[in-house]
Amino acid sequence: MATYKPLVVQTVPKLGEKITQDTLYWRGYKTPVQIKEFGAVNKIDFSPVSPYNYAVTASSRIHIYGHYSQEPIKTFSRFKDAAYCATYRDDGNLLVAGSEEGSIRLFDLSGRAPLRQFDGHTKAAHVVGFLSDKYRIFSGGDDYSSNLWDIPSGTEIISYSEHTDYVRCGCASKVNADVFITGSYDHTVKLFDARTKSSVMTIEHGQPVESVLLFPSGGLLVSAGGRYVKVWDVLKGGQLLVSLKNHHKTVTCLCLNSSGQRLLSGSLDRHVKIYSTTSYKVVHSFNYATSILSLALSPEDETIVVGMTNGVLNVKHRKPEERKEDSQKKRQPSYRTCVKGRTYMPKQEDFCVSKPVKRVLRKYDKLLKSFQSSKALDAVLEPPIRLYTPEVTVAVMQELHRRGTLRSALAGRDEKQINLLLTFVARRVIEPRFTPILVTVADMITDIYQPVVGQSAIVDRQFLRLQEAIGKEIDYQEELLEVLGMMDTLFATFTKKRDAHVEENKSNGLAETIETNMMN
């Protein structure tokens, strides 16, 4: 008797993700650590100096976390209402934050009470930050104003009231100590110079602006609002370079990596997209549990921190790279032993003894080998196979049909088993790779269990679902045939026009030739 050959499952090639250097790099982060905050996280900012602690603004508190700490090492809670946009100074010694009541507070990292309080906004101050000279602060609020403050004297230097809606984002230039930028819900981004009494540049983003970012060189500006991330050339008067639409919900935050070669954007669609700043194509993407409000990357790209609307802080640390020298030293003895003789090539006079390979059959193969058709079908209708590898279920059905035992395997089933079969068929019959055999299965089930129609509400419901699925697929096919007919008509029209044009050219050429000959 010939040995049993295991069932061959036909697989369809899948378009997998292209593995690039970026894919390997961004996958090199550990499993995230989840930290629960008191409210939605509206701002995350890393200290620019080692040990790179980060400030998290949520609800009415500002928490300072260490690089690997899961509990705050310091808390600022001197706010009556919500706090906004806690931002470090370049030396990492001072922290500034806005508030719902409109006041701006300046904190020393070594103390708890605010060093300065700046009052001038009549509504919530959502945007604060330091200019690069370290002695001035810019701010923006819901009173449509953008203000500049002097730290030593605690006074307001100048106030700009050019926006016509809430000012919700801003950043300062690292190249010029007098330049800062604000973005507003009036769809504009304005560039201010502290030496002038009005804005020096206005850029129309087209949607309410949620985040702005300047490249370290100061020449390129990135704005985010709506579903768009747009890159502008400031040196060319705000010329639009590229408009990216890779998110399907509002983009809320932006950040750059340490080298400036990768741009990250977070959105309410729960995704963080990573773009190359040379081609502006998406090179990688992260998926999160809920909508993203804030995003930050540590100065050495070792940590990614994401704040979400449900108050969860998601922290990913980069895996430490193993030293190659140490790993080679550890595995040298065992490695030599394992590979010894593997490269030996047998000579002509050598006699090779091959060890028989024991083949392990799967459960359904064992049942098919012993001709237990019904049990083999039951084995592949179990949830792990039916849900995650439906091609195995369909392959067994196809094998039973080839043997001529499919009808007997489908017969004699109770209400629960019929319901299971009909659910699988109704769900998968519209997939082109499964359609031929599942149509046969559906036909056999209908023929076998037609006498019991009307006796079980569950079975009747599944038959109606199967009928509805097949009906929809037929409608789709009819629509596709109509479209194909229209396309054939269009192509035929184009072909006729081209042929007529060619004939006309030929006839004109012939007439000219005859006329020339007659003149000669």
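Trainee: Which residues form the negative surface patch?
Mentor: In this predicted model, local features need pLDDT of at least 70 and side-chain atom pairs count only at pLDDT 80 or more, while totals for chains, interfaces and linings use all residues. Residues are numbered from 1 along each chain as its sequence is written, and side-chain values use heavy atoms, leaving out hydrogens and water. Patch members have over 30% relative accessible area (Shrake-Rupley, 1.4 Å probe, only the protein chains shown as cover) and no salt bridge (Lys or Arg side-chain nitrogen within 4 Å of an Asp or Glu carboxyl oxygen), with like charges joined within 9 Å, Asp and Glu being negative and placed at CG and CD. The patch is formed by Asp 475, Glu 478, Glu 479 and Glu 482.

Trainee: Is Glu 478 buried, partly exposed or exposed?
Mentor: Glu 478 belongs to helix α10, residues 457-519 (helices are DSSP runs of H or I, at least four residues; strands are E, at least two). Buried means under 20% relative accessible area and exposed over 50%; at 45%, Glu 478 is therefore partly exposed.

Trainee: How many of the 14 residues of α6 are buried?
Mentor: The buried residues of α6 include Pro 390, Glu 391 and Leu 400. Helix α6 is largely enclosed by the rest of the structure, because the number of its residues that are buried is 10.

Trainee: What is the phi of Tyr 144?
Mentor: Tyr 144 sits in the loop between β11 (136-141) and β12 (146-150), where it is partly exposed at 34% relative accessibility. Although Tyr 144 is a residue other than glycine, its phi is positive, near 70 degrees.

Note on methods
Patch = residues over 30% accessible without salt bridge, like charges linked within 9 Å, V, L, I, M, F, W, Y side chains within 5 Å. Buried < 20%, exposed > 50% of the residue type's maximum accessible area, 1.4 Å probe, protein only.
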